[in-house]
Amino acid sequence: VLLGRGIGPNEHPGNRRYRQIIHSYQPEYLATKKRKEKEKIAQKAIAAVKANGARFLRELHAETEGNKPKKAPRKWVIVGKDVVLEKT
């Protein structure tokens with residue numbers, strides 16, 4: 001699952017599958033008012049995504065030379081649990 005905005009991450013197959021899984025947990029999530037329960041539901045959804053072998057990644061931006069970014073291959077890094085939970 002690619003974290004970010006725009007057509008790239010939005011159309012990524014992992015992000016499409018992520019949205020399907022999140023959508024399946026939505027009725028349960030919306031039915032509760034308790035924040036702790038909502039967090040548990042989000043954690044279940046994340047576990048379901050990861051059960052398929054998925055990882056949550058964000059792009060590591062290239063360094064800049066002056067005002068211009070360096071020409072470098074795109075690099076992705078795995079994000080921590082807290083970031084994933086916040087984004088879910």
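**Exercise 1. A charged pair inside one helix**

By about how many helical turns are E37 and K40 separated in helix α3? Work from the predicted model, and state whether the two side chains meet.

Solution.
- Step 1. E37 and K40 are 3 residues apart in helix α3, so about one helical turn separates them.
- Step 2. The two side chains meet in a salt bridge, with an N to O distance of 3.8 Å. The cut-off for a salt bridge is a nitrogen to carboxyl oxygen distance within 4 Å, so the pair at 3.8 Å qualifies.
- Step 3. E37 counts as partly exposed because its relative accessibility is 33%. K40 has a relative accessible area of 48%, and is therefore partly exposed as well.

**Exercise 2. The remaining salt bridges**

How many salt bridges does the structure hold? Describe the pairs not yet treated.

Solution.
- Step 1. The total is 3 salt bridges.
- Step 2. One of them joins the side chains of E11 and R16, at 2.4 Å from N to O. E11 has 38% relative accessibility and so counts as partly exposed. R16, with 43%, also counts as partly exposed.
- Step 3. Another joins the side chains of K44 and E28, at 3.0 Å from N to O. This pair links distant parts of the chain, since K44 lies in helix α3 and E28 in helix α2, 16 residues apart.
- Step 4. K44 is partly exposed because its relative accessible area is 40%. For E28 the value is 37%, so E28 is partly exposed too.

**Exercise 3. A lysine without a salt bridge**

Is K38 buried or exposed? Find what surrounds its side chain.

Solution.
- Step 1. K38 is found in helix α3. K38 is buried, yet it has no salt bridge.
- Step 2. The nearest side chain of opposite charge belongs to E37 and is 10 Å away. The salt-bridge cut-off is 4 Å, so E37 does not qualify as a partner.
- Step 3. The K38 side chain does reach a backbone atom: the oxygen of T32, at 3.1 Å.
- Step 4. Leaving out residues up to four places away in sequence, K38 touches Y29, L30, T32 and K33. T32 thus appears both as a contact of K38 and as the residue whose backbone oxygen is reached.

**Exercise 4. A glutamate in the same helix**

How far apart are the C-alpha atoms of E39 and E86? Place E39 and give its exposure.

Solution.
- Step 1. E39 is found in helix α3, which covers residues 35-51.
- Step 2. E39 counts as partly exposed because its relative accessibility is 31%.
- Step 3. E39 and E86 are 47 residues apart along the chain, and their C-alpha atoms are separated by 9.5 Å.

**Exercise 5. Elements and sheet**

In what order do the strands of the open sheet lie? Begin with the elements of the chain and then follow the pairings.

Solution.
- Step 1. The chain has 4 helices and 5 strands. Read from the N terminus, the elements run β-α-α-α-β-β-β-β-α.
- Step 2. Strand β1 (residues 2-3) pairs with strand β2 (residues 57-60) in the parallel sense, over 2 bridges. The bridge partner of L2 in β2 is L57, and that of L3 is R58.
- Step 3. β2 pairs with strand β5 (residues 75-78) in the antiparallel sense, over 4 bridges. Here L60 stands opposite K75 in β5.
- Step 4. The 3 strands therefore form an open sheet in the order β1-β2-β5, with mixed pairing. β1 and β5 are the edge strands, each pairing on one side only.

**Exercise 6. The nonpolar core**

Which helix gives the most residues to the largest nonpolar core? List the core and look at the contacts of L3.

Solution.
- Step 1. The largest nonpolar core has 12 residues: V1, L3, Y18, I21, Y25, I41, A45, I46, V49, F56, V79 and V84.
- Step 2. Helices α2 (13-31) and α3 each supply at least two residues of this core. α3 gives the most, with 4 residues.
- Step 3. In soluble globular proteins, nonpolar side chains tend to be buried together.
- Step 4. Apart from neighbours within four places in sequence, L3 is in contact with F56, L57, R58, W76, V79, V83 and K87. Among them, F56 and V79 also belong to the core.
- Step 5. For the whole chain of 88 residues, 22% count as buried.

Key: Residues numbered from 1 in each chain as written. Predicted model: local features only at pLDDT ≥ 70, side-chain atom pairs only at ≥ 80, totals over all residues. Heavy atoms only, no water. Buried < 20%, exposed > 50% of the residue type's maximum accessible area, 1.4 Å probe, protein only. Core = buried A, V, L, I, M, F, W, Y, C linked by side-chain atoms within 4.5 Å. Contact = heavy atoms within 4.5 Å. Lys, Arg positive; Asp, Glu negative; His and termini not counted. Polar contact = N/O pair within 3.5 Å; in protein donor to acceptor, adjacent residues only side chain to side chain.
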